[in-house]
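Me: Please take a close look at a single part of this model, one strand and what surrounds it. I would like one connected account rather than a list.

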Amino acid sequence: RRPVVIIVSDGTGQDQYEQQRATQIADEFGYLGFVADVTGHERMANETLFVSRIQAAVDFVKSHTAVDPANIAIAGFGIGGTGALYYALTGGDGGVKAITSFHGTLSRVATVAASALPFNYTPQILIESGGDADSMDDVILLENALISMAADYELSRYSGVGQAYTKWNDKEGRYNPHASVRSFEAMASVLREVFPAMPLKSLTESPTESPIKSSTESMLFSHKSFLILILSIHVFLS
């Protein structure tokens, strides 16, 4: 059994980008990568529903035979990063050890942060944000809430960078390789702290390093001495 990183997709839903990130996590970190497509207009507008979808993904991976249920992390991108912070601020599940938000919209999170409750568990929270993406007022509001909750958190902002800076296939050309590598190195550092030691390789940014041939061919395969699990799901709740 291995630790797992649940990837929460951005507003476009899971596509090759998230699948390749899951492959990268498995290949370079030695963990399992799990892509959970929990986005949708009704979910993005409803924080409670969004959190419940992420919780459903957490519950699913906990039950998987390849997963170590005591070692789970969440990494969200774009609106998925916003949802990951919703999950963190509303208590979430004690089984999640680390939560990373990549270029989530902090203005939306700040409204939830104002009414957040103290943690009944202590995940490590990593917030990776473009310096041009969020106002200082929203950053301060969020950080004040995290401090009042006694949260274990880190917040990094990258100058001259906006939204979607980790997404190499972004149609608006907002990808920034420097900020992307730096933010993934930060997540790798946190994961090394909270997860058992696994074989690691240097981080790469080329999507061709971890090609996805098809959704079927990428479901389960072996790479060198460890098992890599790549899964994509749509989580539906009543």
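Reply: The model is a predicted one. In it, strand 4 and strand 5 run parallel and are paired over five bridges. Within that pairing, serine 101 has isoleucine 127 of strand 5 as its bridge partner. Strand 5 is also joined to strand 6 (residues 152-158), again in the parallel sense, by seven bridges. On that side, glutamate 128 stands opposite serine 156 of strand 6.

The connection from strand 5 to strand 6 comes next. Together with helix 6 (residues 136-148), strand 5 and strand 6 form a β-α-β unit, and the unit is right-handed.

As for burial, strand 5 (residues 124-130) is mostly covered, with seven of its seven residues buried. In a regular strand, side chains alternate between the two faces of the sheet. In strand 5, Gln124, Leu126, Glu128 and Gly130 point one way, while Ile125, Ile127 and Ser129 point the other way, and all are buried.

Glu128 leads on to a residue outside the strand, since it is among the contacts of histidine 103. Histidine 103 sits in the loop between strand 4 (96-102) and helix 5 (106-113). Its relative accessibility is 5%, so histidine 103 counts as buried; the cut-off for that class is under 20%. Apart from neighbours within four places in sequence, histidine 103 is in contact with Phe77, Gly78, Glu128, Gly162, Gln163, Ala164, Tyr165 and Thr166. For alanine 164 there is also a specific atom pair: the side chain of histidine 103 reaches the backbone nitrogen of alanine 164 at 3.5 Å.

The backbone of histidine 103 deserves a remark too. Most residues other than glycine have a negative phi. Histidine 103 is not a glycine, yet its phi is positive, at about 40 degrees. Alanine 150 is another residue other than glycine with a positive phi, in this case near 55 degrees. Alanine 150 lies in the loop between helix 6 and strand 6, and helix 6 and strand 6 both belong to the β-α-β unit described above. With a relative accessibility of 58%, alanine 150 counts as exposed, because that class begins over 50%. The two positive-phi residues thus differ in setting: histidine 103 is buried at 5%, whereas alanine 150 is exposed at 58%.

Notes: Residues numbered from 1 in each chain as written. Predicted model: local features only at pLDDT ≥ 70, side-chain atom pairs only at ≥ 80, totals over all residues. Heavy atoms only, no water. Helix = DSSP H or I, 4+ residues; strand = E, 2+ residues; numbered from the N terminus. Buried < 20%, exposed > 50% of the residue type's maximum accessible area, 1.4 Å probe, protein only. Polar contact = N/O pair within 3.5 Å; in protein donor to acceptor, adjacent residues only side chain to side chain. Contact = heavy atoms within 4.5 Å. Pairing = 2+ DSSP bridges. Right-handed = clockwise from strand over helix to strand, strands pointing away.
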